[in-house]
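Colleague: Could you take me through the cysteines and the aromatic rings of this model, with the criteria behind each term?

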Amino acid sequence: MQRFCTIICVILFILIYRLTEINGEEMEREEDSFCRPFPEIILQGTKIDRSENGSLVHDKLVYPAGLYRVFENKTYGCTCNLRACLRKCCKKDEILGKGIRPNCTRSSNGLPAPVLVLKQHQLATEIKGISRIDELFFLVEDMQCPQRFMLEPEHFEEDEFILLPNGTLETPTVNYAAWSYCFDWQESSKKVVALICSSNSSIINASSDPEESFDIGIVISIPFFVATFFVYAIIPELRNLYGKTLMCYVACLILAYSCLVFAKLHYLEFVFCSTIAFIIHFSFLASFFWLNVMCFDIWWTFGGFRSLHGSVKQRERKKFLIYSVYAWGCASLLTGICAIMDFLPDIPEHFIKPQFGKHNCWFTTNKARAIYFYAPMGATVFCNICLFISTALKIVRHKKNTAQQLKSIDSRRHDDNKQWFNLYLKLFIVMGINWSMEIISWLCNNSPAYIWYLTDLTNTLQGVLIFLIFVWKDKVKRLLLKRFSCHRKNILSRNSTRSACHSSATSRTCTLTTTTQFQEKIDPYSNESSPGKAIVMN
């Protein structure tokens with residue numbers, strides 16, 4: 001067990017170190033320039049006037065000693081620290097090409113790039129009078145950003161923007177800082193477009209600490225998911241129907257969380273980013289349906305419905321097959337619909353499409369997220385609530401007369417099922433409430449972000465919570481010791497026998513009941529519990 005925990009700690013350390021290393025590299029790239037957040041500008045030497053106090057004047061701007069430097073006979077100044085700046089995506093004589101992630105190119109007619117002019121409704125009230133952007137803002141050319149996407153206000157309400165006097169780009173969902181996007185002319189659309197650099201810290205007033213905490217929480221969860229799956233896979237006593245459904249649920253979350261980390265740590269081209277998005281979508285949906293399967297199965301068990309034909313193992317095999325078709329099939333169907341909407345060319349433009357990989361490795365718009373993700377999630381959460389309430393009422397109803405109406409073996413199975421109900425209830429309380437809060441926080445997107453920090457962090461730590469509920473138990477620890485032959489030889493014999501002698505006038509019967517405390521403790525994890533054997537000696 002200690003060796004197992006050591007391996008988990010090593011994996012956690014490597015993943016967290018890699019995550020912080022990537023974040024550190026991003027910060028170093030941002031700090032390459034001594035002028036932040038905009039880069040320094042080369043000042044033409046013939047137009048520079050130096051003063052006795054060490055400052056210099058260029059183009060009517062006074063640069064104090066700390067806002068310029070001289071390197072290799074060139075003078076660099078922090079112009080954007082002295083006046084409002086915006087970025088031009090390409091160089092002075094270049095414009096943007098075709099597509100939603102266009103590259104810079106020269107104009108097809110060979111003419112210089114047109115001046116940058118926005119429509120009046122795209123300007124804040126205070127600056128509506130300007131005819132061109134460079135009247136108010138200094139343009140920093142040639143924005144270098146490996147991962148950027150274009151806003152399309154003509155097609156998406158979420159992409160509508162307004163340029164504020166300080167250079168901030170305001171959209172319905174988020175505001176982008178002046179250094180995190182760029183404007184330029186796109187020849188194919190014959191207008192000025194805005195490109196967002198998604199690799200920058202572009203969101204205004206957004207602290208990076210919560211986001212880093214959520215990333216680390218996801219990284220921490222993955223080894224615990226793997227540990228839970230591993231424990232249930234290697235212990236035969238846990239590989240019953242309940243254990244198999246839990247393993248499928250955990251496997252979905254392992255895949256989803258791993259893809260989230262991969263998408264976070266690596267810049268992905270459109271094809272790979274879109275593929276990752278489909279995998280994340282399928283994995284999360286499959287996990288919702290497998291949680292729904294657990295709730296349904298425990299409801300069916302306590303409902304007293306007619307069971308399938310065959311032995312216990314045959315019934316479990318049939319039920320698991322049916323559940324697999326339902327969970328994997330529903331998730332595949334919904335993800336397949338997303339693929340059809342994204343890639344089928346004949347889909348009308350007014351239909352809401354997922355557009356995986358366009359802006360990032362997830363949905364592009366809130367409407368698409370609502371239809372293709374939150375709607376099925378909400379349906380399964382609501383169904384699970386109803387199933388759990390119904391199951392709890394059945395347990396309360398049968399609690400008083402269980403001992404009188406059930407035989408000993410049925411009573412034992414009833415207790416076993418109730419144990420699993422309690423475990424599933426804990427799982428649903430943790431996961432169901434968290435996902436419900438996820439839906440509520442999405443609906444209340446105008447509320448302060450700090451309100452949802454706790455539920456968001458709990459969501460990222462699902463692996464730890466599931467591990468504590470299903471693995472970190474004395475019963476499972478004993479099964480692990482038994483599986484790896486780490487227990488004492490007399491562990492099964494300690495307190496294992498008790499005798500009761502019954503005497504009468506005509507005969508003497510001594511009954512030896514072999515019931516071990518260890519066996520009683522592991523029975524709740526098996527569907528095929530057997531009553532204690534009675535050996536009668538005359």
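Colleague: Is C104 buried or partly exposed?

Modeller: This is a predicted model, in which local features need pLDDT of at least 70, side-chain atom pairs count only at pLDDT 80 or more, and totals for chains, interfaces and linings use all residues. Residues are numbered from 1 along each chain as its sequence is written, and side-chain values use heavy atoms, with hydrogens and water left out. Buried means under 20% relative accessible area, exposed means over 50%, and partly exposed lies in between, for a 1.4 Å probe and protein chains only. Since C104 has 28% relative accessibility, it counts as partly exposed.

Colleague: Which parts does the disulfide of C90 and C104 tie together?

Modeller: A disulfide is a pair of cysteine sulfur atoms within 2.5 Å, and C90 and C104 are joined at 2.0 Å from S to S. The link is left-handed, with -90° about the S-S bond, and C90, at 0% relative accessibility, counts as buried. Helices (H or I, at least four residues) and strands (E, at least two) are DSSP runs numbered from the N terminus. The pair therefore ties together parts 14 residues apart in sequence, namely the loop between β7 (85–87) and β8 (95–96), and strand β9 (residues 104–105).

Colleague: How many residues apart are C273 and C361?

Modeller: A disulfide joins C273 to C361, with 2.1 Å from S to S, and both cysteines are buried. With C273 in helix α4 and C361 in the loop between α5 and α6, the pair links distant parts of the chain, and the separation is 88 residues.

Colleague: What is the angle between the planes of F284 and F373?

Modeller: Rings of Phe, Tyr and Trp (its six-membered ring) pair if their centres lie within 6.5 Å, and planes under 30 degrees apart count as stacked, over 60 as edge-to-face and the rest as tilted. The structure holds 24 aromatic pairs. That of F284 and F373 is edge-to-face, at 6.3 Å centre to centre, and the angle between the planes is 75°.

Colleague: Which element gives the most residues to the largest nonpolar core?

Modeller: A nonpolar core is a set of buried Ala, Val, Leu, Ile, Met, Phe, Trp, Tyr and Cys residues joined through side-chain atoms within 4.5 Å. The largest core has 64 residues, and F284 and F373 are among those that touch the most other members. Elements that give two or more residues to this core include α2 (208–234), α3 (241–265) and α6. With 14 residues, the element that gives the most to this core is α4.
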